[in-house]
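Let's take a walk through a protein together, beginning with its overall layout and then stopping at a handful of residues. Keep the picture beside you as you read.

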Amino acid sequence: MSYYLLATLKVKYGQQRKFYEVMGHLKPVLEKLGWKLVGAYENTIGRLNTVIDLWEIDDPNSVSSTLAAASKDTEFVRWAANLPELLEEEVLQVMTKVPYSPQ
């Protein structure tokens, strides 16, 4: 069974470019640790400055273990330190596909 991590990120006004730069450095570390970015999207209608990241993950328990492993990577730690100044809110949800979902 595949699992997906939905990250809903409310970026502070005017901080999108910096946020995208930071994520460009965090993404390779998370992928090296087993996550696969399915897609990353921003709202064009609705609450502006909202970014949605959809990651395919092996196991719901891998969220905390992957983030713990990433926190030992100096590049990840250096770039992740910027997130508090860039984000208003981060909500993580773990999901599975429903029967009518495309393969």
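Helices and strands here are DSSP runs, numbered from the N terminus, with at least four residues for a helix and at least two for a strand. With that naming in hand, you can place a residue such as Val38, which sits in strand S2, residues 36-42. We will come back to Val38 after a look at the whole. Please keep in mind that this is a predicted model.

Start with the parts list. The protein contains four helices and four strands. If you trace the chain along the sequence, these elements come in the pattern β-α-β-β-α-α-α-β. The C-alpha atoms occupy a box of roughly 40 × 35 × 15 Å along the principal axes. Is the chain packed up or stretched out? A compact globule of 103 residues would have a radius of gyration near 13 Å, and the value for this protein is 14 Å, so the two agree.

How does the chain meet itself? Among contacts between residues at least 6 apart in sequence, 79% link residues at least 24 apart. As for the outside, the accessible surface is about 6700 Å², and carbon and sulfur atoms account for 55% of that surface. The protein carries 11 positive and 13 negative side chains, and the centres of these two sets are 3 Å apart.

Now let's go inside. Of the 103 residues, 32% are buried. In soluble globular proteins, nonpolar side chains tend to be buried together. In this model, the largest nonpolar core has 22 residues, and those touching the most other members are Phe19, Leu26, Trp35, Trp55, Phe76 and Leu83. Which elements build this core? At least two residues each come from strand S1 (3-11), helix H1 (16-32), strand S3 (50-57), helix H2 (62-70), helix H3 (74-80) and helix H4 (83-86). Helix H1 gives the largest share, with six residues. For a closer view, find Leu83: setting aside residues up to four places away in sequence, Leu83 touches Phe19, Val22 and Leu26.

Next, visit Val11, in strand S1. Is Val11 buried or exposed? Its relative accessible area is 1%, below the 20% cut-off, so Val11 is buried. Beyond its neighbours within four places in sequence, Val11 is in contact with Gln16, Phe19, Asn49, Val51, Leu86, Leu87 and Glu88. One of these partners shows nicely how folding brings distant parts of a chain together: Val11 and Glu88 are 77 residues apart in sequence, and their C-alpha atoms are 5.8 Å apart in space.

Another of those partners, Asn49, deserves a stop of its own. Asn49 lies in the loop between S2 and S3. With a relative accessible area of 17%, Asn49 also falls under the 20% cut-off, so this residue counts as buried. Most residues other than glycine have a negative phi. Asn49 is not a glycine, yet its phi is positive, at about 70°.

Let's return to strand S2, the home of Val38. Val38 has a relative accessible area of 42%, which means that it is partly exposed. Apart from neighbours within four places in sequence, Val38 contacts Tyr4, Leu54, Trp55 and Glu56. Trp55 is a name you have met before, as one of the core residues that touch the most other members. From Val38 to Trp79, the separation is 41 residues in sequence and 21 Å in space, C-alpha to C-alpha.

Glu42 is in strand S2 too. This residue has 48% relative accessibility and therefore counts as partly exposed. Leaving out residues up to four places away in sequence, Glu42 touches Tyr20, Thr50 and Val51. Glu42 and Pro28 are 14 residues apart in sequence, with 20 Å between their C-alpha atoms.

Our last stop is Val94, in strand S4, residues 87-95. Val94 is partly exposed, because its relative accessibility is 39%. Without counting neighbours within four places in sequence, Val94 is in contact with Tyr3, Tyr4, Leu5, Ile57, Pro60 and Val63. Compare that with Pro84, which is 10 residues from Val94 in sequence but 22 Å away in space, C-alpha to C-alpha. Take a moment to find both in the picture, and then retrace the route from the start.

Notes:
Residues are numbered from 1 along each chain as its sequence is written. This is a predicted model: local features need pLDDT of at least 70, side-chain atom pairs count only at pLDDT 80 or more; totals for chains, interfaces and linings use all residues. Side-chain values use heavy atoms; hydrogens and water are left out. A nonpolar core is a set of buried Ala, Val, Leu, Ile, Met, Phe, Trp, Tyr and Cys residues joined through side-chain atoms within 4.5 Å. Buried means under 20% relative accessible area, exposed over 50%, partly exposed in between (1.4 Å probe, protein chains only). Contact means heavy atoms within 4.5 Å. The radius of gyration is taken over C-alpha atoms; the globule rule is 2.2 Å times the number of residues to the power 0.38. Accessible areas come from the Shrake-Rupley method with a 1.4 Å probe; for residues, only the protein chains shown count as cover. Lys and Arg count as positive and Asp and Glu as negative; His and the chain ends are not counted. The place of a charge is taken as NZ of Lys, CZ of Arg, CG of Asp or CD of Glu.
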